[in-house]
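User: I have a model open and want to go through its charged pairs and overall fold. Please keep the answers short.

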Amino acid sequence: MAQAGGNQGEQAPGGLLDKTLDVGRKLLRGEADRTRRALHAEARDISSGAVFLGGAGLLALGGVSALTLSLAKVLLAHPGRAALLGLGMVGGAAGLALVGVRCLPRHPLAAVGSQVRRDLDKLDQQLT
């Protein structure tokens, strides 16, 4: 009983460890949720960029094919139409490629990394 009265103002070592573990768990759960949301957003941006780049590749392939056919069949009545179609398709491919590149994130996971560093610093301050 004398020991219990002396330790009333102080926390037991087990209680301090439990409190520290609870704080760490809360920080990790919050960080996992933020990371999942950030990864989802970046995956959405990357997938839309990939769709545009894929469309640009297909359009460029069609444009180059049309240009090749127009050059191979010079003796046809209207080779100029095929050449214009091919140039238009290549130009469209360049535009789609530009849109696709702009959809890609500049620095993937930069926000997640900085948030992890801030959380680790916060946890380090609470532990010391």
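## Salt bridges and fold

Analyst: Arg34 and Glu31 sit 3 residues apart in helix H2, about one turn of the helix. This is a predicted model.

User: What N to O distance is found where the side chains of Arg34 and Glu31 meet?
Analyst: Side chains of opposite charge can pair when their charged atoms come close. The cut-off for a salt bridge is 4 Å, between a side-chain nitrogen of Lys or Arg and a carboxyl oxygen of Asp or Glu. Arg34 and Glu31 form such a bridge, with an N to O distance of 3.3 Å.

User: Is Glu31 buried or exposed?
Analyst: Buried means under 20% relative accessible area. Glu31 has a relative accessible area of 9%, so Glu31 is buried.

User: And its partner: what is the relative accessible area of Arg34?
Analyst: Partly exposed covers the range between the buried limit of 20% and the exposed limit of 50%. Arg34 is partly exposed, and its relative accessible area is 31%.

User: Which residues does Glu31 touch, not counting those up to four places away in sequence?
Analyst: Glu31 is placed in helix H2. Its side chain also has a polar contact of 3.3 Å with the side chain of Arg34. Leaving out residues up to four places away in sequence, Glu31 touches Val112, Gln115, Val116 and Asp119.

User: How far apart, N to O, are the side chains of Asp22 and Arg25 in their salt bridge?
Analyst: Asp22 and Arg25 are 3 residues apart in helix H2, which spans residues 13-72, so about one helical turn separates them. Asp22 is partly exposed at 39% relative accessible area. Arg25 is partly exposed too, at 42%. Their side chains meet in a salt bridge with an N to O distance of 3.0 Å.

User: What is the N to O distance for Arg36 and Asp33?
Analyst: These two are also 3 residues apart in helix H2, so about one helical turn lies between Arg36 and Asp33. The side chains of Arg36 and Asp33 meet in a salt bridge, N to O, at 2.8 Å.

User: Is Arg36 buried or exposed?
Analyst: Asp33, its partner in the salt bridge, is partly exposed at 31% relative accessibility. Exposed means over 50%. Arg36 has 55% relative accessibility, so Arg36 counts as exposed.

User: How many salt bridges does the count come to?
Analyst: One joins Asp22 and Arg25. Another joins Arg34 and Glu31, and Arg36 pairs with Asp33. The count comes to 3 salt bridges.

User: What pattern does the protein chain follow along the sequence?
Analyst: The secondary structure comes to 4 helices and 0 strands. Read along the sequence, the pattern is α-α-α-α.

User: What share of the 128 residues in the protein chain do buried residues make up?
Analyst: The accessible surface of the chain comes to about 9,600 Å², and 66% of that belongs to carbon and sulfur atoms. Among the 128 residues, the buried share is 13%.

User: Among contacts between residues at least 6 apart in sequence, what share joins residues at least 24 apart?
Analyst: Contact here means heavy atoms within 4.5 Å. Among contacts between residues at least 6 apart, the share that joins residues at least 24 apart is 82%.

User: How far apart do the end C-alpha atoms of residues 82-101 lie?
Analyst: The unreviewed UniProt entry lists residues 50-76 and 82-101 under "transmembrane region". In the model, the span 82-101 is 100% helix and 0% strand. Its end C-alpha atoms lie apart by 28 Å.

Key: Residues numbered from 1 in each chain as written. Predicted model: local features only at pLDDT ≥ 70, side-chain atom pairs only at ≥ 80, totals over all residues. Heavy atoms only, no water. Buried < 20%, exposed > 50% of the residue type's maximum accessible area, 1.4 Å probe, protein only. Areas by Shrake-Rupley, 256 points an atom, 1.4 Å probe, with all protein chains shown as cover. UniProt positions renumbered as here; feature names shortened; annotations may be inferred. Polar contact = N/O pair within 3.5 Å; in protein donor to acceptor, adjacent residues only side chain to side chain.
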